[in-house]
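This report looks at the surroundings of a ligand and then at the packing of two helices.

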Amino acid sequence: MFSLPLTDRAALHPLAPWQAAEFADFVARTRTHLAPWLPWAHTVTDTDTARAFLQRYADAQARDAGFIYGIRLDGTLVGGTLFRTFDPTAGVCEIGVWLAPEAEGHGLVTRAAQRMIDWALGERGLARVEWRTVPHNARSQAVARRLGMTRDGVLRAAFPFLGERLDIEVWSLLATEWRPAGARE
Ligand SMILES: CC(C)(COP(=O)(O)OP(=O)(O)OC[C@H]1O[C@@H](n2cnc3c(N)ncnc32)[C@H](O)[C@@H]1OP(=O)(O)O)[C@@H](O)C(=O)NCCC(=O)NCCS
């Protein structure tokens, strides 16, 4: 398995359709934690739906238009990240994240997102990384803030979810604001 170390116990790695059964198990055991925030926590309900979800990202990856990664702690899948969108022509991408409750509070997602931002802005030369969240997701906002992002504004009633239309906050980090890994610490 190719992976990028996040800490001495945690790593970030590509998540692919062949891992559908493991991903389905992860979603099943974390569903109540993820479902208030993530639409796919409602639709990934077994190995087939997990494979279809991962295949969408495999297809997007083949088009250089989206990517999905798993986060492992001591070898166990405890979360993940994705480039929900990735548009090298426009120079814009959007990062999404999730963790099992027992993996929260250790900076795993902040570290993973920093690696992704370094790659998107540094290596791939994109101009802008976006982060979208509903206004009442304080933990998500805290990650965006920790990553040095700025809250651009609110898209009113932009997100149809669980029978409501929710506002969406858009946060961003621009290439002109980004400091490479070596210059951060
Ligand atoms: C959003 C979510 C991924 C944030 O998880 P998180 O654990 O708070 O974020 P991180 O992994 O970056 O960890 C940050 C925490 O670790 C702590 N931490 C420890 N070491 C750290 C380090 N080196 N760097 C950053 N934070 C560190 C921080 O202080 C913070 O703790 P606090 O919450 O007590 O202040 C998680 O709450 C989740 O999965 N929620 C459900 C799904 C969801 O909402 N996804 C986002 C949709 S927009």
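Around the ligand in this predicted model there are 22 residues, and those that come nearest are Leu99, Glu104, Gly105, Thr110 and Asn137. Thr110 also appears in the table below, which lists polar contacts made by an oxygen atom of the ligand.

| Residue | Partner atom in the protein | Distance to a ligand oxygen atom |
|---|---|---|
| Leu108 | polar backbone atom | 3.0 Å |
| Thr110 | N or O atom in the side chain | 2.5 Å |
| Arg139 | N or O atom in the side chain | 2.9 Å |

On its own, the ligand has 930 Å² of accessible area, and the protein covers 73% of it.

The second topic is helix packing. Two packed helices are described by the angle between their axes and by the distance between those axes. Helix H1 spans residues 20-34 and helix H3 spans residues 47-62. Their axes lie 8 Å apart, and the packing angle is about 110 degrees. Angles of 65 to 115 degrees count as roughly perpendicular, so H1 is roughly perpendicular to H3.

On the H1 side, the contact is made by Ala20, Ala21, Phe23 and Ala24. H3 contributes Thr47, Ala50, Arg51, Phe53 and Leu54. Sorted by class, this contact of H1 with H3 has 7 nonpolar residues, 1 polar and 1 charged.

Methods: Residues are numbered from 1 along each chain as its sequence is written. This is a predicted model: local features need pLDDT of at least 70, side-chain atom pairs count only at pLDDT 80 or more; totals for chains, interfaces and linings use all residues. Side-chain values use heavy atoms; hydrogens and water are left out. Axes are lines fitted to C-alpha atoms, for helices over the stretch in contact, and angles run from 0 to 180 degrees between N-to-C directions. Helices (H or I, at least four residues) and strands (E, at least two) are DSSP runs, numbered from the N terminus. Angles under 35 degrees count as roughly parallel, over 145 as roughly antiparallel, 65 to 115 as roughly perpendicular and the rest as oblique. Contact means heavy atoms within 4.5 Å. Ala, Val, Leu, Ile, Met, Phe, Trp, Tyr, Cys and Pro count as nonpolar, Asp, Glu, Lys and Arg as charged, and the others, Gly among them, as polar. A residue is near a molecule or strand if one of its heavy atoms lies within 4 Å of it. A polar contact is a pair of N or O atoms within 3.5 Å; within protein, one must be able to donate a hydrogen and the other to accept it, and residues adjacent in sequence count only if both atoms are side-chain atoms. Accessible areas come from the Shrake-Rupley method with a 1.4 Å probe; for residues, only the protein chains shown count as cover.
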